[in-house]
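Here are some friendly notes to read beside the structure. Keep the 3D view open and look up each residue as you go.

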Amino acid sequence: MIVVIMGLSGSGKSFVARILHEEFGFEWIRSDAIRKELAGVYERIKVGFGEGIYSEDWTKRVYEEMINRAKVLKDAGRHVVIDATFLKKWQRDMVKEQLGDVLFLMTVADEEEIKKRLSQREDISDADWNIYLRQKEVFEPPEDITTINTQKDREEIKAELRKVLQRYGLEDSPKPY
């Protein structure tokens, strides 16, 4: 099974992906890590929205690499979670075309919470409040998608994920290895 966790920066994508990884044994493919790996950059950087390693060309390269890695893991019988914004329809279509049956989940949170998270962020992601606002302007929302409100606690989200996974055919959720 491949699950795509999508949403605007600060909405809790990586939080949900981490739960799928730690609690359900999914392999975690994170766009932030792959982007930095491909660029040979490992610290946080500040560039304008859509510039440098965040240009559309770079984003396409990152998404292609995520898909390739997901294919390898899927072919090895692993469950995979892909963690990225997927702001544009073409990005989601690329995943569907190359990976087939994929479950898309969108993380959401109130703007006040997102602003707080982004101001306190100390991880690999380079997104800040201004990036979030630009993402919001260009976001092409998907139709008919399951949303996960990440303002709930970890156990509530874990229970919600278990129900969603069961609904999509993963009856016995894999255990962490």
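1. Start with strand E3 (80-83). Val-80 and Ile-82 point one way from E3, while Val-81 and Asp-83 point the other way. Are these residues buried or exposed? All of them are buried. Please keep in mind that you are looking at a predicted model.

2. Next, look at the neighbours of E3. Strand E1 (2-6) runs parallel to E3, and 4 bridges join the two. One pair to find is Ile-2 with its bridge partner in E3, Val-80. Strand E2 (27-30) also pairs with E3 in the parallel sense, over 4 bridges. Here you can find Ile-29, whose bridge partner in E3 is Ile-82.

3. Ile-82 turns up again in the largest nonpolar core, which has 28 residues. Which of them touch the most other members? They are Val-4, Met-66, Ile-82, Phe-86, Val-95 and Leu-99. Two or more residues each come from E1, helix H3 (56-75), E3, H4, E4 and helix H5 (111-120). H3 supplies the largest share of this core, with 6 residues. As background, nonpolar side chains tend to be buried together in soluble globular proteins.

4. Leu-99 is a good residue to zoom in on. Leaving aside residues up to four places away in sequence, Leu-99 touches Ile-2, Ile-67, Ala-70, Lys-71, Lys-74 and Ile-82. Apart from the largest core lies another core, of 17 residues, including Ile-5, Val-16, Phe-24 and Ile-157.

5. Now try helix H2, which spans residues 31-39. Which of its residues are buried? Ser-31, Asp-32, Ile-34, Arg-35 and Lys-36 are the buried ones. The elements covering them include E2, H3 and E3. After H2 comes Gly-40, with a positive phi near 70 degrees.

6. Finally, visit the second largest pocket, which holds about 330 Å³ of space. Its lining has 16 residues, and the closest to the pocket's centre are Lys-96, Phe-104, Pro-142, Glu-143 and Asp-144. Helix H4 (89-99) and strand E4 (103-108) are the elements that give two or more residues to this lining. Which element gives the most? H4 does, with 4 residues. By type, the lining divides into 7 nonpolar, 2 polar and 7 charged residues.

Note on methods. Residues are numbered from 1 along each chain as its sequence is written. This is a predicted model: local features need pLDDT of at least 70, side-chain atom pairs count only at pLDDT 80 or more; totals for chains, interfaces and linings use all residues. Side-chain values use heavy atoms; hydrogens and water are left out. On a 1 Å grid over the protein atoms alone, a cavity is a set of points where a 1.4 Å probe fits but cannot get out, and a pocket is an open set with protein on both sides within 12 Å along at least five of seven lines; lining residues have an atom within 4 Å of a point. Grid points are joined across faces, edges and corners, and a volume is the space filled by probe spheres set on the points. Ala, Val, Leu, Ile, Met, Phe, Trp, Tyr, Cys and Pro count as nonpolar, Asp, Glu, Lys and Arg as charged, and the others, Gly among them, as polar. A nonpolar core is a set of buried Ala, Val, Leu, Ile, Met, Phe, Trp, Tyr and Cys residues joined through side-chain atoms within 4.5 Å. Buried means under 20% relative accessible area, exposed over 50%, partly exposed in between (1.4 Å probe, protein chains only). Contact means heavy atoms within 4.5 Å. Two strands pair if DSSP finds at least two bridges between them.
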